[in-house]
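Have a look at the model below, and keep it open while reading. We'll start with a hole in the protein and then work outwards through the helices.

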Amino acid sequence: MNRQIGFDENTEEYLNKFYCILNKMVREMTQAELNDSISHNFIVQMIPHHRAAIEMSENILKYTTNETLQCIANQIIEEQTKSIENMLDIKCECTEFKNREQRLSSYQQTMDNIMRTMFSRMRCARATNRVNCNFMWEMIPHHRGAVEMANTTLKYSICPQLVPILNAIIKSQVRGIKQMQNLLRNIGC
């Protein structure tokens, strides 16, 4: 956590909520019940990832008056809510799509590395009295983690119904990263 001293009350409330959401996401992603299906394992780890993004977006909406950031946060809520619904719809069927132990081990080792890096970058994101900047500094590594997780999963044998969901995650989160990078520059973060 890279925090400055002397936060105002709104920033302190915003950051406290952010770290609660982050800690819950880390716990749920690392303690997800994995099995012998890469498709299943992706779904059960990505759902808490998406839920955290939704909660983080709801959190910033309480504090921001920046219309562009409000649009980005609402877009995250809408897209990731739909993605969770899509994953839940295919979860049972995809759980039946099994993988060999060696592939599972290779996959999960890569995913664990991606998650550790993402968790670390989110925990160490700069924190200032500018909550708009804070949100984007936190959410960009969150989105990058999702893109890496989806790209990794596409390299393995997975249930066909998961492929369009992975592609949608990559497309929406790459777009979101670009939007936030542009806004960071535009508001002088």
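Which helix gives the largest share of the lining of the largest cavity? It's helix 3, with five residues. This is a predicted model, so treat what follows as a description of a prediction, as the cut-offs on pLDDT remind us.

**The cavity**

A search of the whole structure turns up one cavity of 30 Å³ or more, and about 50 Å³ of space lies inside. The lining is made of Ile-72, Gln-75, Ile-76, Glu-79, Gln-80, His-143, Ser-172, Gln-173 and Gly-176. Helix 3 (67-95) and helix 6 (162-186) each put in at least two of the lining residues. By character, the lining splits into two nonpolar residues, six polar and one charged.

Take Gly-176, one of the lining residues. Gly-176 sits in helix 6 and counts as buried because its relative accessibility is 3%, under the 20% limit. From Gly-176 to Ser-83 is 15 Å, C-alpha to C-alpha, with their positions 93 residues apart in sequence.

**The nonpolar core**

Now for the greasy part. In soluble globular proteins, nonpolar side chains tend to be buried together. Here the largest nonpolar core has 62 residues, and Phe-42, Met-56, Phe-135 and Leu-162 touch the most other members. Helix 1, helix 2, helix 3, helix 4, helix 5 and helix 6 are the elements that give two or more residues to this core. Helix 5 gives the most, with 11 residues.

What does Phe-135 touch, leaving out residues up to four places away in sequence? The list is Tyr-14, Met-56, Ser-57, Ile-60, Leu-69, Ile-76 and Met-180. Two of those names turn up elsewhere: Ile-76 also lines the cavity, and Met-56 is one of the core residues with the most contacts to other members.

Tyr-14 deserves a closer look. Tyr-14 belongs to helix 1 and is buried, with a relative accessible area of 0%. Beyond the neighbours within four places in sequence, Tyr-14 is in contact with Asn-59, Ile-60, Tyr-63, Val-131, Asn-134, Phe-135 and Glu-138. Tyr-14 and Asn-129 are 115 residues apart in sequence, with their C-alpha atoms 9.9 Å apart in space.

**Helices 2 and 4**

Is helix 2 mostly covered or mostly open? Mostly covered: 20 of its 24 residues are buried. The end C-alpha atoms of helix 2 are 34 Å apart, which agrees with the 34 Å that its 24 residues should span at 1.5 Å a residue.

Helix 4 (residues 101-123) has 23 residues and reaches 32 Å between its first and last C-alpha, close to the expected 33 Å. Its buried residues are Leu-104, Tyr-107, Gln-108, Met-111, Ile-114, Met-115, Met-118, Phe-119 and Met-122. An α-helix has 3.6 residues a turn, so residues three or four places apart point the same way. The buried residues of helix 4 pack against helix 1 (9-30), helix 2 (38-61) and helix 5 (131-154).

Two polar residues show what that packing looks like from the other side. Asn-41, in helix 2, is in contact with Leu-34, Asn-35, Leu-104, Tyr-107 and Gln-108, leaving aside neighbours within four places in sequence. Thr-152, in helix 5, is in contact with Tyr-107, Thr-110, Met-111 and Ile-114, with the same neighbours left out.

**Buried and exposed positions**

Here are some residues side by side.

| Residue | Relative accessibility | Class |
|---|---|---|
| Asn-41 | 2% | buried |
| Thr-152 | 8% | buried |
| Asn-132 | 18% | buried |
| Pro-160 | 55% | exposed |

Why does Asn-132 count as buried? Its relative accessibility is 18%, and buried means under 20%, so Asn-132 falls within the class. Asn-132 is found in helix 5 and, neighbours within four places aside, is in contact with Ile-60, Thr-64, Asn-66, Leu-69 and Ile-187. Asn-132 and Leu-183 are 51 residues apart in sequence, and 9.4 Å separates their C-alpha atoms.

Pro-160 lies in the loop between helix 5 and helix 6. With 55% relative accessibility, Pro-160 is over the 50% mark and therefore exposed. The C-alpha atoms of Pro-160 and Gln-70 are 34 Å apart, for 90 residues along the chain.

Note on methods:
Residues numbered from 1 in each chain as written. Predicted model: local features only at pLDDT ≥ 70, side-chain atom pairs only at ≥ 80, totals over all residues. Heavy atoms only, no water. Helix = DSSP H or I, 4+ residues; strand = E, 2+ residues; numbered from the N terminus. Expected span 1.5 Å × (residues − 1). Buried < 20%, exposed > 50% of the residue type's maximum accessible area, 1.4 Å probe, protein only. Contact = heavy atoms within 4.5 Å. 1 Å grid on protein atoms, 1.4 Å probe; cavity = no way out; pocket = protein on both sides within 12 Å on 5 of 7 lines; lining within 4 Å. Points joined across faces, edges and corners; volume = space filled by probe spheres on them. Nonpolar A, V, L, I, M, F, W, Y, C, P; charged D, E, K, R; others polar. Core = buried A, V, L, I, M, F, W, Y, C linked by side-chain atoms within 4.5 Å.
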